[in-house]
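Let's take a walk through this structure together, beginning at a loop and working outwards. Keep the 3D view open as you read.

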Amino acid sequence: MPNLLELKEVHAGYGPRSVLHGVSLSVPEGGIVSLLGANGAGKTTTLRAITAGVRWSGDIIFGGRSLRRLATEEIVRAGIAHVPEGRGICTELTVDENLKLGSHLRRDGAEVRKDYDRVFEYFPVLKERRKLSASTLSGGEQQMLALARALLMKPKLMLLDEPSLGLAPLVVRAIFQIVKSINEASRVAVLLVEQNARIALELSSSAYVLEVGRVAVSGASADLKDNESVRRSYLGY
Amino acid sequence: MQEFFQQVVSGIAIGGIFASLALALVLIYNAMGLVNFAQGEMAMFATFVAYALINRGMSYWIAFPITLVLAFGGGILIQRLVIKPVERAPVLTLVIITLGLATLVNGFAGFIFGYVPRSFPSPFSADSADLFGVFISYRDMGVIAVSGLVLLGVYLLLQRTTVGLTMRAAAHHPEASRLLGVQVSWMLALGWGLASAVGAVSGIMVAPILLLEPNMMQSIIIYAFAAAVLGGIESPLGAVIGGLIVGVTVNLAGAYLPGVGGDLQLAVGLAIIIAVLIARPNGLFGRAAIRRV
C-alpha cells in the first residue's frame, strides 16, 4: 500500500535543545501505526513536527507533497487532524461550537450532516451536552469531543497524542474501539502516540518504538507484541 | 424624581458611548491579552475622518458607515504593520507600543486637522420628547439607539456566525485553533478591525457633546477602562453593562454629589476602577484566572 505519510531523517527540537535525531517512519494509506516509547523519547515532538508546531529539518511527505515551509493551518487544510496532548478542547466554547470548528472549513453540507449523525452515534453523550460549555465535560468526554471534532474535519490522517492519558481503563477501551471503527468506516489513517503499549499494539498494524529521539525498534505490531526482549526493554510490560 | 429619571436616561446615553469603547478594549484584550491604549486615539482619528467627509458635503448617514469601514480597514492595517511583527514580544513591550501608537495617532491628527476644537454635527434633533412627564432629548435616544444597534451587531457577529466563532476560538485558544485550520493571525487582525470600527462609533457619538479635537477621547478612554474593568475586562457583555453603570453613576454623581459637578466626574471614573480592583478584581462577569504553575 502506498505511504500516505513519510518522515525522512527528521531532526527537531526546541531552541538549542534537540529532541529528534533523525526519525524516519511511514504511515500507509488507511493504516493504523503506533508510536511508542518512554516519556521524553520524542513521541509528541514527532507529531508536532508533522503539523509544524516545532522547527524541524529532514523531510516530511504527506500525500506525495513535502510539508516543508507550510504553516500549521495549511497542513491541517491538506487533510491532517491533530488531536494534541491535552486534547486541545476550546473550554471557552460550547460542545457544539467545538464541533463546528471541526467542520467549519468543509463545503460539502450534506456530507457534513451525515458525519454529525455518525459522530452522535459514536458519542451519544456529546449530543446530550451540545449546548453546555466544553469545560463542564469530564476527561473522557473531552477526549470523545476531541475525536469527534477530528472526525468532522474529514481528514485523511489523524494524529492522536495519548488518547488514553488520565482515563479509566473502561473508557480507554471504548475510545480505542471507536478509533478502530472510524478507521474502518472511512479509511482514515491513524498515527497513534501511546504510553500504553499493550492496547496500542492491539489496535495498530505496525509500530515504531522511539528511544531518546531515534527509532530503536520497528515492525509489525504482532511481532513486537510477541517479542519478549522488545517488550521488556522498551515497552515495560 | 422627574429630573432624576432624566439624569438616568442621559447617563444611559453616555454609558452607551463608554460601552462601545469598552467593548473595543475587550475585543483586543481577548485577542492578545492586553489593553490597547491607542483605542481612544484611533476612535478620535476615525471621527476626524467622518468630520472631513461630512465637511465635503457628504450626508451624515452615508459618512457614518463609510467611516466605520475605513476604521475597520485601518484597524487591520495597524495590526498587520505595527502589532504582528512584535506579536511574540513580552506584554510590557506591547503595552509600550500601544502607548506609542496613541501618541503617534494623536500627533498625526493634530498635524493634519489642527488643535482648534470643532463642533461636530449630530443627526438628532436637540428637542426633547415628553414621556410620561419625563423629558428625554432625541439626542440621548438617538445615541442609545445607535450604540444599541452596534452592540447588537457585534454580538450577532461573534455569537451567530462562523467567522465570529473562529475569531473567538483564535482569541482564546490560538494553538488549538491552528490545529483546526483557523488562520489565527488573520482572525486577530479582524479583531483589531472590529474593535477599531466599534471604537469609531463611540468617537462619532461623543463628538457632538464634547467638540472634536485631538485630545477629545482622553477622558472617555478612562471611563471606558472603568467600564471594561468593571465588566471583568474579558467579557463583551460585561463591558456593555459596565459602560451603562459607569455612565449612569458618573452622570448622577455630577448632578447630585456636591462638589463633583463637571470637573470631578473623571475622578469618579477613576474611583470606580480602583474600587473594582480592590473589591472584585475579576469584575462583574470575569472569572478568576487559573494558571497551572
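A good place to start is A:Gly213, which sits in the loop between strand S9 (206-211) and strand S10 (214-220) of chain A. Since the model is a predicted one, everything below describes computed coordinates. Is A:Gly213 buried or exposed? With 21 other C-beta atoms within 10 Å, and 20 being enough to qualify, A:Gly213 is buried. Leaving out residues up to four places away in sequence, A:Gly213 touches A:Val19, A:Leu20, A:His21 and A:Gly42. The C-alpha atoms of A:Gly213 and A:Thr45 are 9.0 Å apart, although 168 residues separate the two along the chain.

One of those contacts, A:Leu20, leads us to a sheet. A:Leu20 lies in S2(A), where it stands opposite A:Ala12. Strand S1 (residues 3-14) of chain A and S2(A) are paired antiparallel over nine bridges. They belong to an open sheet of four strands in chain A, with the order S2-S1-S4-S5 and antiparallel pairing. Strand S2 (17-28) and strand S5 (65-66) of chain A each have a single partner strand, so they form the edges and one side of each has no neighbour in the sheet.

Chain B offers a hairpin to set beside this pairing. Strand S1 (residues 128-131) and strand S2 (residues 134-137) of chain B run antiparallel and are joined by four bridges. B:Leu131 has B:Val134 as its bridge partner in S2(B). Two residues lie between the strands of this hairpin, and B:Phe132 there takes a positive phi near 50 degrees. Here are the two strand pairs side by side:

| Strand pair | Bridges | Sense | Example of facing residues |
|---|---|---|---|
| S1(A) and S2(A) | nine bridges | antiparallel | A:Ala12 and A:Leu20 |
| S1(B) and S2(B) | four bridges | antiparallel | B:Leu131 and B:Val134 |

Stepping back, chain A holds 10 helices and 10 strands. Its radius of gyration is 17 Å, close to the 18 Å that the globule rule gives for 237 residues, so chain A is as compact as a globular protein of that length. The C-alpha atoms of chain A fill a box of roughly 45 × 40 × 35 Å along the principal axes, and 45% of its 237 residues count as buried. Among contacts in chain A with a separation of 6 or more, 67% join residues 24 or more positions apart.

Where do the two chains meet? In the contact between them, 17 residues of chain A face 14 residues of chain B. On the chain A side, helix H2 (72-77) and helix H3 (95-103) are the elements that give two or more residues. That side divides into six nonpolar, six polar and five charged residues.

Helix H3(A) deserves a closer look, as seven of its nine residues are buried. These are A:Val95, A:Asn98, A:Leu99, A:Lys100, A:Leu101, A:Gly102 and A:Ser103. Their cover includes helix H4 (109-122), helix H5 (124-128) and helix H6 (139-152) of chain A, together with helix H6 (162-172) of chain B.

Finally, we come to the largest nonpolar core, which has 166 residues. B:Phe18, B:Ala22, B:Leu23, B:Ala224 and B:Ala227 touch the most other members. Beyond its neighbours within four places in sequence, B:Phe18 is in contact with residues including B:Ile220, B:Tyr223, B:Ala224 and B:Ala227.

As for confidence, chain B has a mean pLDDT of 90, with 97% of its residues at 70 or more. The predictor gives the complex an ipTM of 0.92 and a pTM of 0.88.

Conventions: Residues are numbered from 1 along each chain as its sequence is written. Chains are lettered from A and ligands numbered from 1 in the order in which they are written. This is a predicted model: local features need pLDDT of at least 70, side-chain atom pairs count only at pLDDT 80 or more; totals for chains, interfaces and linings use all residues. A nonpolar core is a set of buried Ala, Val, Leu, Ile, Met, Phe, Trp, Tyr and Cys residues joined through C-beta atoms within 7 Å. A residue is buried if 20 or more other C-beta atoms lie within 10 Å of its own, exposed if 12 or fewer, and partly exposed in between; C-beta atoms are placed from the backbone. Two residues are in contact if their C-beta atoms, placed from the backbone, lie within 7 Å. pLDDT is the predictor's confidence in each residue, from 0 to 100. The radius of gyration is taken over C-alpha atoms; the globule rule is 2.2 Å times the number of residues to the power 0.38. Ala, Val, Leu, Ile, Met, Phe, Trp, Tyr, Cys and Pro count as nonpolar, Asp, Glu, Lys and Arg as charged, and the others, Gly among them, as polar. Two strands pair if DSSP finds at least two bridges between them.
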